[in-house]
Amino acid sequence: MIAVHGVSMRYGSKVLFEDVTTTFATGRRYGLTGPNGAGKSTFMKLLTGELAPQKGNVVRPQKLGVLRQDQFAFDEIRVIDTVIMGNARLWSALEERDRLYDKPDMTDEDGMRLGELEGIVGEEDGYSAESDAAILLSGLDIPDDLHDRKMKEVQGGQKVRVLLAQALFGHPQALLLDEPTNHLDLDSIHWLREFLVRYDGALIVISHDRHFLNGVCTHIADIDYQTIITYTGGYDDMVVAKTQIRGKIEADNAQRDKKIAQLNDFIARFSAGTRASQVTSRKKEVERLQTNDLARSNIQRPFIKFGIERPSGKLALEAKGVRKAYEDLEVVRDFSAIVNRGEKIVVVGRNGVGKTTLLRALLADAPGVEDPTAIDEGVVRWGHEVTVGYFSQDHTGAIARGTTAVEWLHSFAPDAARQDIHGLLGQMLFSGEEGHKPTAALSGGETARLLFCRLMLLKPNVLVLDEPTNHLDLEAINALNVALQKYEGTVFLVTHDEDLIDEVATRVWHCTRDRVEDFKGTYEEYAATLA
């Protein structure tokens, strides 16, 4: 169990949470939710001990599994050893045992200490540690031939999965996972979900994947109104319950504001008259109401709507014999497909099989996105009047520096009215002066939202979206889901968000090492063929 007593955290005038007291019980699985900036990662650092609370205290078990965010901290360590290091007591015993065995002459004290260390190794299942770690790594799609390599030889996405295995290793009493599904493909997410459902300790997980939260969590701990409220059930259950609570809290806020306005009106009208005592009384009442200011929700919901300037022809895309290789590695081979207007294709498959490479090959000669180097062989023909909006997985360089958000967006539609540009920015939560924020200072989430503004401004009739949910919070992902379902154009989508896949796709391209399987139907229908 993890217990939090009277914890408060604020940065300057911004209150994240105030006087929070709650417990995370053994055997329960908690999703920690709240919009970007609400304080989820800060609260997680308080739970791990990485940060000390400004007020209050946290009681945590000795054996804590934590998903580390520093991918480079273990570069000189073998992959298998990095996982075993997740059990600090076992790893310390193994290191000390090896040092003693390496001594040329052991004393009697050394021999006694070795006996103690062998006892610890036995208690911590150390004699099966490498095989247990290998099982975790295999479940997370880390090939056997990487297990003995150093971490610096492993790719970034694979490093994250090794660190996830480290957090899961050694049967910790509590697991703290911050965005564990990042960089995981669907198969790995399914494996992790099943693993966590069987886990019998206290689990606290931050995730922007609604489907994952619904599948794993028994409770949701939601950061809002400067506190943490725990709801029973998954994410969707929390939304229903929170709507009722939010209605009451915000009604109380509105009533308080109305009362203050009435009192201030009385004070303004009679402050110079003969009703001084009544004015003084009302001033005190205003001070009391303002002192007991009710916390307001920090939830912000973007509004995404993809329009179409003009429809494309009935045939959106025709591809024949498309091939792309990197030196001797053939990633896309002999791919052919016909895509009609209005189809919504979700591209799925394990990490590294070429989903992004396939999209880029199809875009090699697309209007406005041309990159001849993205395809080696084959023909791709885009249909009549096709206009393409591309959201790349790597945002680096996607937005020019040295300008502001509003100026960058306006450069794509010089004839657009400024108020329309600001309206679009407002829809994506760039309110007021935030539209004049320098593009070099944009966070990952702000960059993604600004790129969506561009797509809404240009109104293409084909959307090509490669991992668009990265850096988005749950509210933004839900808004994107609704927008894609309502969009009347053609969609090509790479995502690991299962709700997006389930609710948007009308066709599935499943990429493997050898081929692309083309299934005309929903993902649910496709999954049924695999059962």
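The following questions and answers introduce a predicted model of a protein.

Colleague: How many helices and strands does the secondary structure of the protein come to?

Modeller: The protein has 531 residues, and 49% of them count as buried. Its C-alpha atoms fill a box of roughly 100 × 70 × 45 Å along the principal axes. The secondary structure comes to 17 helices and 18 strands.

Colleague: Among contacts between residues at least 6 apart in sequence, what percentage join residues at least 24 apart?

Modeller: A contact here requires heavy atoms within 4.5 Å. Among such contacts between residues at least 6 apart in sequence, the share joining residues at least 24 apart is 68%.

Colleague: How far apart are the mean positions of the positive and negative charges of the protein?

Modeller: The protein carries 62 positive and 80 negative charges. The separation between the mean positions of these two sets is 9 Å.

Colleague: Is phenylalanine 266 buried or exposed?

Modeller: Phenylalanine 266 is found in helix α9, which covers residues 235–270. Its C-alpha atom is separated by 8.0 Å from that of arginine 282, 16 residues apart along the chain. The cut-off for a buried residue is under 20% relative accessible area. Phenylalanine 266 has 9% relative accessibility and therefore counts as buried.

Colleague: Which residues of α11 are buried?

Modeller: Helix α11 spans residues 355–362 and is mostly covered, with six of its eight residues buried. The buried residues are Lys355, Thr357, Leu358, Leu359, Ala361 and Leu362.

Colleague: Why is the pair of phenylalanine 17 and phenylalanine 43 counted as stacked, tilted or edge-to-face, and which of these is it?

Modeller: The structure holds 13 aromatic pairs. In this one, the ring centres of phenylalanine 17 and phenylalanine 43 are 5.4 Å apart and the planes stand at 85°. Planes over 60 degrees apart count as edge-to-face. The pair of phenylalanine 17 and phenylalanine 43 is therefore edge-to-face.

Colleague: Which parts of the chain does this pair link?

Modeller: Phenylalanine 17 and phenylalanine 43 are both buried, and they belong to one aromatic cluster with Phe24 and Tyr30. The two partners are 26 residues apart, and the pair links distant parts of the chain: strand β2 (residues 14–24) and helix α1 (residues 40–48).

Colleague: Which residue has its charged end over the ring of tyrosine 326?

Modeller: Charges sit over rings at more than one place, including arginine 449, which lies over the face of phenylalanine 430 at 5.0 Å from the ring centre. Over the ring of tyrosine 326, at 5.1 Å from its centre, sits the charged end of lysine 324.

Note on methods. Residues are numbered from 1 along each chain as its sequence is written. This is a predicted model: local features need pLDDT of at least 70, side-chain atom pairs count only at pLDDT 80 or more; totals for chains, interfaces and linings use all residues. Side-chain values use heavy atoms; hydrogens and water are left out. Helices (H or I, at least four residues) and strands (E, at least two) are DSSP runs, numbered from the N terminus. Buried means under 20% relative accessible area, exposed over 50%, partly exposed in between (1.4 Å probe, protein chains only). Lys and Arg count as positive and Asp and Glu as negative; His and the chain ends are not counted. The place of a charge is taken as NZ of Lys, CZ of Arg, CG of Asp or CD of Glu. Rings of Phe, Tyr and Trp (its six-membered ring) pair if their centres lie within 6.5 Å; planes under 30 degrees apart count as stacked, over 60 as edge-to-face and the rest as tilted. A charge sits over a ring if NZ of Lys or CZ of Arg is within 6 Å of the ring centre and within 35 degrees of the ring normal.
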